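I opened my notebook with a plain plan: look up the layout first, then the sheet, the core and the empty space inside. Here is what I wrote down.

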Amino acid sequence: MNLSEAGPRVMPKKKGMTLIELVLVMALVVTLASLATVSFVRSYQARSFNHYVNEFASYLRYLQFKAIEEGIVLKLAPDPETETLRCYVKKKKSSEFSESSTSFSKRFESKGDFEVGIRKDREVYFYPDGTITLTKFVITNKKNDEEAVIEVKNRLGAFKVTFDEQTRF
């Protein structure tokens, strides 16, 4: 008996996906990817603002300790032309200030998505005894109106950082 004459032929089952199944899977993947991207962007923006605020608090500590260590007066003031923050150091035996720039301060000299609430006519002084003339800094995220407050609590550099009613030190 011949095997080809044994019975009806059975077609082998094809392996793989149909076009409709493939389109549905692709639509699902695209939907999940778009949701993940939106979530990631929001998370990144929030972390970016938190990082900027913490970095600004570190910069204030840096200026305070630099004034103490070197026995000099430092001034942090907004530049009226560019509306960015600039640091100045008081010349010895003079009442004049000269501009001082470090790699740390350059981050705050550029105008970005965040704004430090210092009025144009206001200057912040850091004295050799550790005092600071302005004790409250308000930082605003221009994109989503998120706000943070940095308060100087004492002359030893204790700063209180508050993000939308949540306190972090």
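**Entry 1: the layout**

I began with the elements and found two helices and nine strands in the chain. This is a predicted model, so I read everything below as computed from it. Following the sequence along, I noted the pattern α-β-β-β-α-β-β-β-β-β-β.

Next I looked up burial: of the 169 residues in the chain, 31% are buried. Then I turned to contacts with a separation of 6 or more, and there residues 24 or more positions apart account for 50%.

**Entry 2: the open sheet**

In what order do the four strands of the open sheet run? I found 3-2-1-5, with antiparallel pairing. Strand 3 and strand 5 are the edge strands, since each pairs on one side only. I also noted the turn between neighbouring strands of this sheet: 30° on average, with direction ignored.

A general reminder I put in the margin: strands of a sheet pair through backbone hydrogen bonds, either parallel or antiparallel.

I then went through two of the pairings. Strand 1 and strand 5 run antiparallel and are joined by three bridges. Leu74 stands opposite Phe126 in strand 5. Strand 2 and strand 3 are also antiparallel, and they pair over four bridges. In that pair, Val89 has Ser98 of strand 3 as its bridge partner.

Strand 2 and strand 3 make a hairpin, with six residues between them. I checked the turn and found Lys93 there, with a positive phi of about 55°.

**Entry 3: the nonpolar core**

Which residues touch the most other members of the largest nonpolar core? My list reads Phe56, Leu76, Phe126, Phe137, Ile139 and Ile150, out of 30 residues in that core. Among the elements that give two or more residues to this core are helix 1 (19-70), strand 1 (74-78), strand 5 (124-126) and strand 6 (136-141). Helix 1 gives the most, with nine residues.

Phe126 turned up twice in my notes, as a member of this core and as the residue opposite Leu74.

Another margin note, again a general one: in soluble globular proteins, nonpolar side chains tend to be buried together.

**Entry 4: the cavity**

I looked for empty space next and counted one cavity of 30 Å³ or more. The volume of the largest cavity is about 40 Å³. I wrote down its lining: Tyr59, Tyr62, Leu63, Lys66, Cys87, Ser100, Ser101, Thr102 and Ser105. Helix 1 gives the most to this lining, with four residues.

**Entry 5: two residues up close**

Ser100 was my pick from the cavity lining. I located Ser100 in strand 3 (residues 97-100). Is Ser100 buried or exposed? Its relative accessible area is 13%, under the 20% cut-off, so Ser100 counts as buried. Leaving out residues up to four places away in sequence, Ser100 touches Lys66, Cys87, Tyr88 and Val89. Lys66 and Cys87 were already on my list for the cavity lining, while Val89 had come up as the bridge partner of Ser98.

Last I looked up Gln64, which lies in helix 1. Why does Gln64 count as buried? The relative accessibility of Gln64 is 1%, and buried means under 20%, so the label fits. I also checked Gln64 against Thr131: the two sit 67 residues apart along the chain, and 7.8 Å separates their C-alpha atoms.

Note on methods
Residues are numbered from 1 along each chain as its sequence is written. This is a predicted model: local features need pLDDT of at least 70, side-chain atom pairs count only at pLDDT 80 or more; totals for chains, interfaces and linings use all residues. Side-chain values use heavy atoms; hydrogens and water are left out. Buried means under 20% relative accessible area, exposed over 50%, partly exposed in between (1.4 Å probe, protein chains only). Contact means heavy atoms within 4.5 Å. A nonpolar core is a set of buried Ala, Val, Leu, Ile, Met, Phe, Trp, Tyr and Cys residues joined through side-chain atoms within 4.5 Å. Two strands pair if DSSP finds at least two bridges between them. Axes are lines fitted to C-alpha atoms, for helices over the stretch in contact, and angles run from 0 to 180 degrees between N-to-C directions. On a 1 Å grid over the protein atoms alone, a cavity is a set of points where a 1.4 Å probe fits but cannot get out, and a pocket is an open set with protein on both sides within 12 Å along at least five of seven lines; lining residues have an atom within 4 Å of a point. Grid points are joined across faces, edges and corners, and a volume is the space filled by probe spheres set on the points.
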